[in-house]
Amino acid sequence: MAVSASVRLSATGIVKRFGDRTVLDGISVALDAHEVVALIGPSGSGKSTLLRCLNLLERIDDGQILLGGEDISDPRVKVDAVRARFGVVFQNYNLFPHLSVLSNVTLGLRKVKRVAKDEAEKRGLELLDRIGLADKAKVHPDQLSGGQQQRAAIVRAIATDPEVLLLDEITSALDPELVGEVLQLVRELGSDGATILMATHEMAFARDVAHRVLFLDGGRIVEQGPPAQLFGAPQQQRTKEFLARLSP
Amino acid sequence: MTSEGPAPSSLELERRAFRRRQTTRSVLIGALSTVVFAVVAWFLIVNAPGWPRVQQSFFAPDVAIAALPRVWDGFLLNIRVLIGAVAGVVVLSLVIATIRTLRGPVFFPLRALAAGYTDLFRGMPLIIVLYLIGFGIPGLRFTEGRIPAEVLGTIALILTYSAYVSEVWRAGIEAVHPSQRLAARSLGLSHYQSLRIIVLPQALRKVTPALMNDFVAMQKDVGLISILGAVDAVKGAQIEVSHFASFTPYVVAGLLFVLLALPMIRLTDWLTLRLRRREQIGEVI
């Protein structure tokens with residue numbers, strides 16, 4: 001595969017096994033800079049595992065991962081430094097309950113990027129202001145609604161200007177009426193030029209925001225293409241079945 | 001309660017009045033029965049045959065007053081030892097618990113050492129540790145001068161109690177949900193940073209009652225340094241007992257320890273209750 005200059009993240013032939021169960025069976029995916037890619041597929045298809053392999057939370061059993069042209073699957077890289085180049089948002093927000101919302105957002109800046117406290121807080125407040133939570137800066141996360149917590153978790157992930165944003169089913173734990181505000185923020189980040197790889201169950205959102213959609217099943221990419229094509233005219237039988245079951 | 005919203009209905013007012021009457025009655029009955037019980041108990045005790053001898057042996061006021069200064073001086077030493085031991089235990093137990101969370105083959109010897117330490121000192125009676133440290137170490141003659149008995153006693157207490165407390169920490173660390181560590185590492189924090197900034201502060205909240213319990217237990221065992229010859233409250237009482245034909249000085253020393261423990265016990269109860277309230281919605285039954 002030719003690596004063009006604009007490729008931000010490229011993973012080739014990723015294999016991941018848990019015991020004798022193969023969860024990822026030779027997956028290859030590449031993200032151009034400013035590209036938004038959606039991963040769809042049934043539960044257990046390997047979406048979350050793929051995301052966790054990419055930022056080295058899981059060790060891969062084969063394949064290679066390049067971030068900005070650098071081989072980050074090389075065991076000699078400094079994993080903490082590599083992880084800091086990704087922003088990750090989780091299904092259950094995973095905000096730190098003992099820290100204020102502002103401390104949550106500025107933690108990466110202060111402790112990883114070593115930005116001075118004043119500067120970090122200024123940046124943190126700007127981000128919180130952007131999502132309308134500046135007045136909640138000093139409260140703890142349990143004072144926020146689910147949607148507010150997830151939006152705070154998103155700005156925590158982007159506070160350090162990561163090269164790639166990984167979103168792991170970030171609306172799955174939310175009440176339906178709170179999903180919209182979170183998706184709106186992701187939509188904005190996408191149009192601002194962030195590079196995003198997101199696992200999602202929100203097909204309408206994937207169709208709306210993603211430049212490209214990957215359908216995973218059984219640890220392989222069954223089909224991929226622009227949303228209009230993948231949702232409108234799926235080629236593979238397996239994709240058709242999956243989409244048919246979602247929208248009866 | 002603020003008086004917002006509509007006025008309570010007459011039904012609710014009647015219920016409140018009834019509850020108030022019930023409360024007043026309960027309080028009165030409680031007070032009355034307590035007084036009756038105290039009077040009867042006091043009457044039975046002081047009129048029991050042999051009470052004068054019991055009083056002379058354990059509750060002689062003149063002996064208590066005479067013994068108090070020396071026992072009190074000794075008790076101040078106990079408090080100093082307790083403060084030193086608590087500080088030492090917090091540090092050592094955290095180090096042990098941290099070592100036991102380390103992953104990777106490089107740290108295997110350290111992990112094994114820490115695990116062996118907790119096994120050894122949780123099993124070994126404190127009194128044997130006191131003898132070994134208190135009498136064994138000076139016997140080696142590593143130092144020119146004499147090491148004070150209270151210092152050796154403090155070391156023995158720290159060694160024993162750190163083994164227990166490190167297990168409490170470890171339980172607390174394991175009780176913090178793994179997703180917290182996942183989020184911390186995803187930000188690029190190192191293992192040590194995640195532990196210090198994210199995991200330990202949350203673990204502390206979960207284990208505070210258990211930690212306090214261990215410290216209450218330790219404040220009692222501080223009295224054991226007397227067997228090494230340190231003149232603490234227990235030793236002071238022992239000296240006074242030999243002057244008077246009465247064990248009252250021991251009772252005085254014992255009560256001082258109880259007075260020291262009470263605030264810690266109450267604080268522990270309060271913290272436990274608060275934790276329970278926070279974790280369960282509705283009334284505590």
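Visitor: In what order do the six strands of the open sheet in chain A run, and how are they paired?

Guide: As a general idea, two strands pair if DSSP finds at least two bridges between them, and strands (E, at least two residues) and helices (H or I, at least four) are DSSP runs, numbered from the N terminus. Here the six strands of chain A form an open sheet in the order β6-β7-β8-β3-β9-β10, with mixed pairing. Strands β6 and β10 (220-225) of chain A stand at the edges with a single partner strand each, so one side of each is left without a neighbour in the sheet. Neighbouring strands of this sheet are turned by 20° against each other on average, direction ignored; such axes are lines fitted to C-alpha atoms, for helices over the stretch in contact, and angles run from 0 to 180 degrees between N-to-C directions. This is a predicted model, in which local features need pLDDT of at least 70 and side-chain atom pairs count only at pLDDT 80 or more, while totals for chains, interfaces and linings use all residues. Residues are numbered from 1 along each chain as its sequence is written, and chains are lettered from A and ligands numbered from 1 in the order in which they are written.

Visitor: Which strands of this sheet pair in the parallel sense, and over how many bridges?

Guide: Strand β6 (residues 86-89) and strand β7 (residues 164-168) of chain A are parallel over four bridges, and within that pair V89(A) has L167(A) as its bridge partner. Four bridges also join strand β3 (residues 36-40) to strand β8 (residues 196-199) of chain A, again in parallel, with L39(A) standing opposite A199(A).

Visitor: Which way do the residues of β6(A) point, and are they buried or exposed?

Guide: A residue is buried if 20 or more other C-beta atoms lie within 10 Å of its own, exposed if 12 or fewer, and partly exposed in between, with C-beta atoms placed from the backbone. In β6(A), F86(A) and V88(A) point one way, G87(A) and V89(A) point the other way, and all are buried.

Visitor: Which residues touch the most other members of the largest nonpolar core?

Guide: In soluble globular proteins, nonpolar side chains tend to be buried together. A nonpolar core is a set of buried Ala, Val, Leu, Ile, Met, Phe, Trp, Tyr and Cys residues joined through C-beta atoms within 7 Å. The largest one in this model has 111 residues, and those touching the most other members are L39(A), L128(A), L166(A), L167(A), L197(A) and A85(B). Its largest share, 11 residues, comes from helix α6 (residues 149-175) of chain B, while a second, separate core of 10 residues includes A67(B), F75(B), A253(B) and L256(B). Two residues are in contact if their C-beta atoms, placed from the backbone, lie within 7 Å, and, not counting residues up to four places away in sequence, L167(A) touches V89(A), V186(A), I196(A), M198(A) and A199(A).

Visitor: How many residues of chain A are in contact with chain B, and which helix gives the most?

Guide: In this model, 17 residues of chain A are in contact with 15 residues of chain B. Helices α2 (79-83) and α3 (101-112) of chain A each supply at least two residues of the side that touches chain B, and α3(A) gives the most, with four residues. By class, that side of chain A has nine nonpolar, five polar and three charged residues; Ala, Val, Leu, Ile, Met, Phe, Trp, Tyr, Cys and Pro count as nonpolar, Asp, Glu, Lys and Arg as charged, and the others, Gly among them, as polar.

Visitor: Where do R114(A) and E169(A), with their positive phi values, lie?

Guide: Most residues other than glycine have a negative phi, and most peptide bonds are trans. The phi of R114(A) is near 60°, and R114(A) is found in the loop between α3 and α4 (117-130) of chain A, where R114(A) is exposed, with 8 other C-beta atoms within 10 Å. The phi of E169(A) is near 45°; E169(A) lies in the loop between β7 and α6 (176-191) of chain A and counts as buried, with 20 C-beta neighbours inside 10 Å.

Visitor: Where in chain B is confidence lowest, and where is it highest?

Guide: The predictor's confidence in each residue is the pLDDT, from 0 to 100. Chain B averages a pLDDT of 90, and 96% of the residues score at least 70. Confidence in chain B is lowest in helix α10 (residues 248-279), at a mean of 86, and highest in helix α4 (residues 108-123), at 95. The model scores ipTM 0.90 and pTM 0.81.
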